[in-house]
Amino acid sequence: MAETKKLLRALAGETQATPPVWMMRQAGRYLPEYRATRAQAGDFLSLCYTPDLAAEVTLQPIRRYGFDAAILFADILLVPQALGADLWFVTGEGPRLSTVTDKDDFAALKPADAIHDTLAPVYETVRILSRELPPEVALIGFAGAPWTVATYMIAGRGTPDQAPAHALRAENPVLFEAVLERIAEATIDYLSAQIEAGAEAVKLFDSWAGSLTGEAFDRYALEPCRQITAALKARHPGVPVIAFPREAGDRYAGFARATGADCVALDNSVDPAWAAQHVQVDGCVQGNLDPRHMVTGGQPLVEETRRILSAFSGGPHIFNLGHGITPDANPDNVQLMIDTVRGA
Ligand code: CP3
């Protein structure tokens, strides 16, 4: 049967007059219904690990806006937690983890295939969603890329410049690479299990790829993405992979070809006209409206949305933001973006 889901058609390389649209962090604090369900769950991690509630917040933006795709509600830091790291979230500040900085810390981590008991509720969320989503809406699973996840595991928190991870890479490359390798193995198992539970595409978030340059970018951003994509393709041929090497700049060019990813997600620092020429030549691109437009709205939102649509109109494109929507966004601006994409 010919594919009917717009998102999967774009990922298969089809150019569509109206591209599919969804939004990074579409289930999030800008929505009053999300805040209510999160309050009901008590805290963010309980929300991630309670399948009925995680499925509910995944469905909320689909009900409100009719996006073409739903993204599983979970977090990239559940993988380090399943590997044995302590994880907690400090309100108003972000994630905190126990750190991995020496060989004893590394030895205390669990093997990659021991993650599934902890992550079983996530797979259950995927199963609920694959039953409950409207038939035209595609379900995206996700994980963090090894470098980005490692930056949190090494520093124990988010860092503006990823300095602790860069320091470990310089001081103890063997340990650093062992950490990345452990995360990569776990990620392959984790994404495979999401696909087996019903995820129809998967996205690999390398949010801090831009702080790797030159050969380090190839080794620690490109190569792990290639390895994970190849392993997933071997196990699940036909399930598309979206890669998001955020702030890769010029290195977005050729990234899909080098890694085997079906689509590259572009952050909002990338000029769409440049990306149409240098990235979309290799297949589908996703992006890349600046999330600030979801706060400010108005005619600039409409004009920038049209500029992106027009730049990518000659090839496969998934409309999205260049990064996650922020808590201060106005839900009406999301509707304005969707109406503009769909030409209403
Ligand atoms: O709607 C979706 O996009 C799906 C769910 C999702 C979340 N996090 C939920 C979440 C996804 C895909 C992520 C990915 C994620 N998590 C990334 C990669 C993408 C990116 O943003 O660059 C990263 C780096 C994380 C780690 C993380 N999780 C941080 C740094 C924080 C705190 C910062 C913040 O925005 O508060 C989180 C918390 C988090 N993950 C929230 C949500 C909705 C906010 C938590 C809350 O409700 O308080």
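I count a disulfide when a pair of cysteine sulfur atoms lies within 2.5 Å. The model I am working from is predicted.

**Entry 1: cysteines**

I looked for disulfides under that cut-off, and the count came to zero. I then looked up Cys-263, which is in no disulfide. The nearest cysteine sulfur to Cys-263 is that of Cys-284, 3.8 Å away. Why is there no bond from Cys-284 to the closest cysteine sulfur? The sulfur of Cys-284 is 3.8 Å from that of Cys-263, which is too far for a bond because the pair would have to lie within 2.5 Å.

I also checked whether these two residues are buried or exposed. Cys-263 has 0% relative accessibility, so I noted Cys-263 as buried. Cys-284 has 4% relative accessibility and therefore also counts as buried. The cut-off I used for buried is under 20% relative accessible area.

**Entry 2: ligand site**

Next I asked where the ligand sits. I found the ligand in the largest pocket. I listed 22 residues that surround the ligand. The closest of them are Tyr-34, Arg-38, Asp-75, Ser-207 and His-323. I sorted the shell around the ligand by class and got 15 nonpolar, three polar and four charged residues.

**Entry 3: ligand oxygen contacts**

Which side chain did I find with an N or O atom 2.7 Å from an oxygen atom of the ligand? That side chain belongs to His-323, a residue I had already listed among the closest to the ligand. I then turned to the backbone. A polar backbone atom of Gln-26 is 3.3 Å from an oxygen atom of the ligand. For Ala-27, I noted a backbone N or O atom 3.3 Å from a ligand oxygen atom. Last, I looked up the cover: the ligand on its own has 860 Å² of accessible area, and the protein covers 87% of that area.

How values were computed. Residues numbered from 1 in each chain as written. Predicted model: local features only at pLDDT ≥ 70, side-chain atom pairs only at ≥ 80, totals over all residues. Heavy atoms only, no water. Near = heavy atom within 4 Å. Polar contact = N/O pair within 3.5 Å; in protein donor to acceptor, adjacent residues only side chain to side chain. Areas by Shrake-Rupley, 256 points an atom, 1.4 Å probe, with all protein chains shown as cover. 1 Å grid on protein atoms, 1.4 Å probe; cavity = no way out; pocket = protein on both sides within 12 Å on 5 of 7 lines; lining within 4 Å. Sits in = over half its atoms within 2 Å of the grid points. Nonpolar A, V, L, I, M, F, W, Y, C, P; charged D, E, K, R; others polar. Buried < 20%, exposed > 50% of the residue type's maximum accessible area, 1.4 Å probe, protein only.
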